[in-house]
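These are my notebook entries from a reading of one structure, written for someone who has not seen it before. I kept them in the order in which I looked things up.

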Amino acid sequence: MMVFLILVPYAALTLLMLVTSPVPSLLAAAAICLTVIGYDVLRGRAIKLLGAGSAILFASLGGYLMLVDPGLSPSAVKLAVDCGMLAIALLSLAIRFPFTLQYAREVVDAQTAGLPGFLTANYIITAVWALAFLLMLMANVLMIYLPGMPLWSGLAIAFAARNTALYFTRWYPRYRRAKFPSSAGVLSGS
């Protein structure tokens with residue numbers, strides 16, 4: 001359920017961008033982010049860096065398109081979103097608070113969250129997501145500079161990058177628990 005809630009705004013943005021203009025797509029994605037944030041707050045959970053950053057990113061881009069440059073191409077919008085997502089991931093690593101840490105702390109006990117391996121695992125998982133965002137960005141750059149590429153190829157790269165990061169996010173904690181059973185300290189139940 002948690003992964004579903006995290007990915008819904010991005011899936012909605014991607015699908016809506018295929019059938020409508022960028023402004024309603026971005027504003028719908030921002031609204032979904034705010035709904036997920038509201039859901040977390042109602043359940044007594046913390047506001048997540050990724051969710052809040054995404055809401056700001058989507059709303060800012062939507063506002064920019066409405067007020068400043070309505071002619072910005074969908075490709076440029078996708079590129080801006082990918083740059084923003086990469087920036088959120090890299091910023092979370094730079095401030096020493098990997099964005100996956102907030103999600104992970106909600107599914108483990110306090111003892112596990114205090115283990116050194118727990119933080120290390122979250123740095124690694126966040127770095128893998130940053131790499132996935134970079135690959136999605138590169139796919140969009142290819143789509144812009146190689147306009148002859150079929151649309152499905154860019155979507156396939158983005159889909160593969162996201163799904164690989166998702167698989168890694170689920171696999172790596174099990175791997176750490178198996179390799180370091182006494183000090184694995186990684187999220188469980190993801």
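**Entry: the lining of the largest pocket.** I sorted the residues that line the largest pocket by kind, and they divide into 30 nonpolar, seven polar and three charged. I was working on a predicted model throughout. The lining is made up of 40 residues, and those nearest the centre of the pocket are Tyr10, Thr14, Met136, Ala158 and Arg162. For the space inside this pocket I noted about 1,000 Å³.

I then asked which helix gives the largest share of the lining. I found that helix 1 does, with eleven residues. At least two lining residues each also come from helix 4 (74–94), helix 5 (100–105), helix 7 (116–145) and helix 8 (151–179), as they do from helix 1 (2–19).

**Entry: confidence.** Before going further I looked up how far the prediction trusts itself, and the mean pLDDT of the protein chain is 89, with 94% of its residues at 70 or more. Helix 1 has the lowest confidence, at a mean of 84, whereas helix 3 has the highest, at 96. I keep a general caution beside these values, that predicted coordinates should not be read in detail where pLDDT is low.

**Entry: the salt bridges.** How many salt bridges does the structure hold? I wrote down four, and I followed the ones that join up, for Asp40, Arg45, Lys48 and Glu106 are linked in a network.

I began with Asp40, which forms a salt bridge with Arg45, where the closest N and O atoms are 3.8 Å apart. Asp40 has a relative accessible area of 7% and is therefore buried, while Arg45, at 31%, is partly exposed. Asp40 also meets Lys48 in a salt bridge, at 3.2 Å from N to O, and here both partners are buried.

Lys48 in turn forms a salt bridge with Glu106, and the closest N and O atoms of this pair are 2.7 Å apart. Glu106 lies in the loop between helix 5 and helix 6 (110–113) and Lys48 in the loop between helix 2 (22–42) and helix 3 (49–67), so the pair ties together parts that are 58 residues apart in sequence. I also checked whether each of the two is buried or exposed: Lys48 has a relative accessible area of 3% and is buried, whereas Glu106 is partly exposed, with 29% relative accessibility.

**Entry: Ser92.** I next looked up Ser92, which is found in helix 4. Is Ser92 buried or exposed? Its relative accessible area is 0%, so I entered Ser92 as buried. Setting aside the neighbours within four places in sequence, I listed the contacts of Ser92 as Leu49, Phe97, Pro98, Phe99 and Thr126.

**Entry: Ala139.** My last look-up was Ala139, which lies in helix 7 and counts as buried because its relative accessibility is 1%. When residues up to four places away in sequence are not counted, Ala139 touches Gly154 and Ile157. I also noted how Ala139 stands to Tyr39: the two are 100 residues apart in sequence, and their C-alpha atoms are 32 Å apart in space.

Terms used
Residues are numbered from 1 along each chain as its sequence is written. This is a predicted model: local features need pLDDT of at least 70, side-chain atom pairs count only at pLDDT 80 or more; totals for chains, interfaces and linings use all residues. Side-chain values use heavy atoms; hydrogens and water are left out. On a 1 Å grid over the protein atoms alone, a cavity is a set of points where a 1.4 Å probe fits but cannot get out, and a pocket is an open set with protein on both sides within 12 Å along at least five of seven lines; lining residues have an atom within 4 Å of a point. Grid points are joined across faces, edges and corners, and a volume is the space filled by probe spheres set on the points. Helices (H or I, at least four residues) and strands (E, at least two) are DSSP runs, numbered from the N terminus. Ala, Val, Leu, Ile, Met, Phe, Trp, Tyr, Cys and Pro count as nonpolar, Asp, Glu, Lys and Arg as charged, and the others, Gly among them, as polar. Buried means under 20% relative accessible area, exposed over 50%, partly exposed in between (1.4 Å probe, protein chains only). Contact means heavy atoms within 4.5 Å. A salt bridge is a side-chain nitrogen of Lys or Arg within 4 Å of a carboxyl oxygen of Asp or Glu. pLDDT is the predictor's confidence in each residue, from 0 to 100.
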